[in-house]
Amino acid sequence: MHCKEIETLLVLRRGTLDANSLFAVKNHIECCSSCQMEARFEKLLAEVMVENRDVPQLDKGFNQRVLTLAAEIQAQKKPAVRNNTALIPLMLSCLGVAFSLLVLYSGFSDQPNIYSQIVDFFFSFKPFIAAGLLLLTFLIIYVNEQFFENTVLTSRPSLNRRNRRNF
Amino acid sequence: MPAGKDTDFILIDKLQKGDLDALEQLMQLYRDDLFKLAYRYLGRREDAEEILQDTFLRAFQKIGTFQRKSSIGTWLYRICINLCITKKKSNQRTAQTISLTPDESTNSVAFEPAIKNAPDPAHFDLQKIMQHSIARLKPIEGMIVTLYYMQGYSCSEISEIVDKRINTVKTHLSRARQKLKIMVKPYELHIRE
């Protein structure tokens, strides 16, 4: 056994040595003064570490403090950010509402005007088209609410920058 | 580290839903072990409590990024170890900037003056010298020494905890021991006794 192997066997393979290896290490240490130093140093290190193993008690309110902070983090968590593509259904909804109103207005208006002419140009069956557009508008708004967390119909907090906090 | 795989999965699922009871359960399971590690490494109760708090809060915030490749305990240990190492580096930088003489309250690294000023080696405190020497090691070396000697983990367990190869862990441990030997060398006579 060589002195260079002692550190490996003594330290890096702690607890994994078989009986033969352990016997060989002990024999070598008895004959070699530098390895005796190595073994004493290892023992000193282990003793110092054991001395330092005592740990004070944690503060009693520690758990509560962490839970309070975690609850605050949760409450201030960034809301679902509306990305640009999610605005498209909303814009289409608004256009749909506007166009439906336009169609209805032109339909009820006695005198021909530019709006009725536009609508006449595009559609023949105004009431049905208007109703269909209104239904489509509400369907788009409903899909927004359910799948994109947009806030047209519900009372969720707005995406006002003041309400956003980053962690 | 406590908790089996099934408990882990249930706990992780609850944490991902933001369940604070699950966070409390996690703290009950791992708080003491992590505090011991942080205290033994940093040497100060205030620092250790701060690190422990940050560990759990970070785990709560980042639970969505946990990939379940290891146990949640190992993951918590890694967070704690990284925070401890960052704190140690910050403490060492502060101590070097201010050039303090050895001061246990700040876990200072200015150790040499203590040896130079000690008139009689027989009056020194070998325990304190060893503690100061360990504090002077590189943060990762100090952490591995703490895990190996104080927490009692084997090299393979340490390699899993710190997420480094086992040979890297052994190299760090070997280098740390060499450095400690050099620092304690002036007091070799007392070690011979």
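Here are some questions and answers about the predicted model shown above.

In this predicted model, local features need pLDDT of at least 70 and side-chain atom pairs count only at pLDDT 80 or more, while totals for chains, interfaces and linings use all residues. Residues are numbered from 1 along each chain as its sequence is written, chains are lettered from A and ligands numbered from 1 in the order written, and side-chain values use heavy atoms, leaving out hydrogens and water.

Reader: How many helices are there in chain A?

Author: Helices are DSSP runs of H or I with at least four residues, and strands are runs of E with at least two, numbered from the N terminus. Chain A has zero strands. Its helix count is seven.

Reader: Is A:Val143 in the nonpolar surface patch buried, partly exposed or exposed?

Author: Nice one to look up in helix H7 (residues 126-147) of chain A, where A:Val143 sits. Buried means under 20% relative accessible area, exposed over 50%, and partly exposed in between (1.4 Å probe, protein chains only). The relative accessible area of A:Val143 is 32%, so this residue is partly exposed.

Reader: Which helix gives the most to the largest nonpolar core?

Author: A nonpolar core is a set of buried Ala, Val, Leu, Ile, Met, Phe, Trp, Tyr and Cys residues joined through side-chain atoms within 4.5 Å. The largest one has 70 residues, and B:Met130 is among those with the most contacts inside it. With 12 residues, the top contributor is helix H2 (residues 20-42) of chain B.

Reader: Why does the salt bridge between B:Arg68 and B:Asp13 tie together separate parts of the sequence, and how many residues apart are they?

Author: A salt bridge is a side-chain nitrogen of Lys or Arg within 4 Å of a carboxyl oxygen of Asp or Glu. Between B:Arg68 and B:Asp13, the closest N and O atoms are 2.8 Å apart. B:Arg68 lies in the loop between helix H3 (45-62) and helix H4 (72-98) of chain B, whereas B:Asp13 is in helix H1 (residues 5-16), so the parts they tie together are 55 residues apart in sequence.

Reader: Which residue forms a salt bridge with B:Lys87?

Author: Start from B:Lys87, which counts as buried at 19% relative accessibility. The closest N and O atoms of this pair are 3.8 Å apart, and the partner is B:Glu50.
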